[in-house]
Amino acid sequence: MTINLEQDWKDIVHRCFRCGYCKFTREFADFNCPSYKKHRFETYSTGGRMWIIYGLISGEIPWSQSVVNVIYACSTCGNCTENCRFEKFNEFLVDIIEAARAEAVLKGFCPEKQKALIERIENETMFNPYGEPNSNNELLKKEYNLPDEAEWVYFIGCTSNYRQTNLRDATLRFLKKVNIDFTLIDEHCCCSPVIRTGQVNSVTDFISYNLTQIKNTGAKKIITSCAGCYRTLKKDWLKFGVDYDLQIYHTVELVKDLLDQGRIKFNSEYNKTVTYHDPCHLGRHMNLYEIPREVYKKVPGIKLMEMKRNRENAWCCGAGGGVKIGFPEWSVEISKERLDEAKLTGATVISSVCPFCRTNLSDANKKFNMNFEVMDLIEIFDNLEFEVSNK
Amino acid sequence: MNEEEILIKLQNIVGKEFVSNRSEDLYIYSQDPGASLPRQVDFVVIPGKSGEVQEIVKLANQEKIPIVPMGGGLTLSGLIIPVKGGIVLDMKRMNNIIEVNKFSQYALIEAGVTTGQLLSYLNENYPNLQPPIPDAPPSATVAGNMLIHGSGYLSQRYGGHGAMINGLEVVLANGDICKFGSCAVSDYWFDRGPIPDFIGLFTSAFGTMGIVTKLSIQLFPKPKEREIIFGLMSDPKDLPELLLKITATGYAEDILLGMQDKPEWMKGYVFIMTYITGDSEEDIDLQSKVIKRIYRKSNARFMKAPEKMRNLYLDKPIFAAGAADFRKGGGFEYVGAFMPLEKIPEAYEKGAELARKYGISPTLGSRLIGGVHTVVMFFSYSFNRADSEDMENARRALHETNQLVLELGGIPWKAELEGQKLILGKMDPNYIKLMKKIHIALDPNGIMNPGNWEVD
């Protein structure tokens, strides 16, 4: 549900008591809100942000670029929704922040850096937030000998298609190897970056376009290896009033099903110590915590180590919510904290199931010489030898 | 110095990123979650160490700028909102747990350590020790709670939290950093004395005497077993006798009482929770039988609580925030009052009448401090923060409750400005005179949270 602030703020926003639970880990050991931990002014906790939004909407404080900066200095990781004690309020905290951003955009206060997202996505030669020429994926279809019509569509997502192509290619090889009947579409951005940053004007057009492309393939199942796309397709598209008859999967769900069915027989081992980073968009936003762990544990040779903050308690990678583009230095600082935590596990590989997390963790890994291998789960599978049966 | 010059000076002390006079930060720090009206703030500063606090205080003293220390900001009575503008000093960046002494059982911490942080640290590193926990969210700072004469879990058995302070490091208005308690003489922060004890100067002073930067607090052994014996009593007049009997057993770690019209099952009853502890299930069984027998013989009855409720109350910190959402309006304040035991029945009766008079569903509670030596009463009023009339109604109810408390022989706790005035109105004139002399001696320029405890 997208909260319409003009309609609902009186009923919702002022309910925040600013008790401060939103800042913490579940056991209160540390601050787990990246924004508060960085800035340390109450203003930058979710509680502070709720009060700021209330102040703006009620007219107690005027709109300004400075105040809007507070609303944007949040990775919308959802730690607050996990820890706020007020039921039927906590679940809307991220929605309220995104709705306030939409309000800021309407009033002409969208920060310049984040504006680039919508400008690139709406550019008819791009349709992606990276400013790359649009790939209609025809070359990939040819390369992988994919049909025009299929049971599944692999929704690649912009980060995998334009930045983490290794992850994309590993996914394509995996889907081929396990004999999934799938194809690709000339996809445009799923709109996650613009929804997260409140630039929602053309979202429904993008959704309609993508759905039409999917419909043309006859597919009823969508699979993506991007946690952000997964959340957006499965949750946000519905919020924007779209009605679709599609099943949305993350690749990790497919891998788990195949493993559970005994269709994958490993012929090699991955003899490394791995720690799993929960992407916010898959974990706190979609409540999907155990499936990835079950998959890692079934890979022969893997020693899976948990970081201290995991599952609902996970520390964000710092990329989401427009933070990567809006606050690039801070964004990698957040990732560095995750890598520091990963170091304590003794792992040499930090792995996740989100190309955006992969990007930011890799950036921090490089910048701070942390010497990790940053690998997506599907890339680990790409390094393994396994046989697939059709039972 | 003009505002810009002061800003630069402050930035030079703590770093640019930890000083603000941006309107959005001033807006947030100009109010708290209680019913107080917003008041002006000029700067928010977040120091990282005692030396920085010292430099800020020296600057404030030189420029005669009011300075208000803030912990979790959860007193609800506006004590961290400046009365005369100036600097709010958000202490939460000073959050080092410096030492835990497992023999003398104390923790030496910086003033910004939260109760949640300390609890978590002890659970992980010293699982046999427990800290006192206030009836507040985990973001409340330990120092804030101790220094407002707080109470909470462990108060029945071990006394008020303010009495659990072993020692303080305080930055005085002239910039001196002064140690109080055994740490003034020894490397060990294990006791308040035996030297003249000035620690009391800084409790319930609301920052008017100095800014506490470090403190040592008592820790306590954690029992192996803990259980809650729930009870219900229909007539509050029987409470004093009941409580005398329970405390006489020596079994109770904590005793909490509640009386409210909602949910429906609580209406017309006083709800009793007696926390008992022991080394074994046998200990708990034995004590449980004794407490239940006392309930029966004192016109109360044992209540078998659902597992969910039991777990909720055993998970202590979670208990605190729920009350604030009673009316889904984001506003909550209560008159906490230190009361003599014999006045509790009357406090419940008149408190409920008063709440109804203001159209507020009665929500009253209390907990015992140090046996029956003090009972802290809670007269709670939740309100809709988005409704100015509702907030004003709550303020009127709070004010009349303060008056009621004083009439009954009690004293409002962590009282807001109006409550402080009522207390001062009843205070021994020579006490006021002495307080004023001490205050002038320590803070001749009146920079320390001025407006609080202020007498002409």
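**Exercise 1.** Work out how many helices and strands chain A has, and how its overall size fits its length.

*Solution.* Start with a count: chain A holds 19 helices and 10 strands. Next, take the radius of gyration, which is 21 Å, close to the 21 Å that the globule rule gives for 391 residues, so chain A is as compact as a globular protein of that length. Keep in mind that this is a predicted model. For the outline, the C-alpha atoms of chain A fill a box of roughly 65 × 45 × 35 Å along the principal axes. Then look inside: 56% of the 391 residues count as buried. Finally, take the contacts in chain A between residues at least 6 apart in sequence; 78% of them join residues at least 24 apart.

**Exercise 2.** Find the residues that touch the most other members of the largest nonpolar core.

*Solution.* This core has 197 residues, and the ones to pick out are A:Ile96, B:Val45, B:Ile56, B:Ile87 and B:Leu89. Its largest share, 9 residues, comes from helix α6 (residues 93–106) of chain A. Now zoom in on B:Ile56: neighbours within four places in sequence aside, its contacts are B:Leu10, B:Ile13, B:Val45, B:Pro47, B:Ile87 and B:Leu89. There's also a second, separate core of 53 residues, with B:Leu257 and B:Met377 among them.

**Exercise 3.** Describe the side of chain B that touches chain A.

*Solution.* First the count: 35 residues of chain B are in contact with 28 residues of chain A. Two or more residues each come from α2 (23–29), α4 (115–125), α10 (318–322) and β18 (330–339) of chain B. α2(B) gives the most, with 6 residues. Sorted by class, this side of chain B has 15 nonpolar, 12 polar and 8 charged residues.

Notes. Residues are numbered from 1 along each chain as its sequence is written. Chains are lettered from A and ligands numbered from 1 in the order in which they are written. This is a predicted model: local features need pLDDT of at least 70, side-chain atom pairs count only at pLDDT 80 or more; totals for chains, interfaces and linings use all residues. Two residues are in contact if their C-beta atoms, placed from the backbone, lie within 7 Å. Helices (H or I, at least four residues) and strands (E, at least two) are DSSP runs, numbered from the N terminus. Ala, Val, Leu, Ile, Met, Phe, Trp, Tyr, Cys and Pro count as nonpolar, Asp, Glu, Lys and Arg as charged, and the others, Gly among them, as polar. The radius of gyration is taken over C-alpha atoms; the globule rule is 2.2 Å times the number of residues to the power 0.38. A residue is buried if 20 or more other C-beta atoms lie within 10 Å of its own, exposed if 12 or fewer, and partly exposed in between; C-beta atoms are placed from the backbone. A nonpolar core is a set of buried Ala, Val, Leu, Ile, Met, Phe, Trp, Tyr and Cys residues joined through C-beta atoms within 7 Å.
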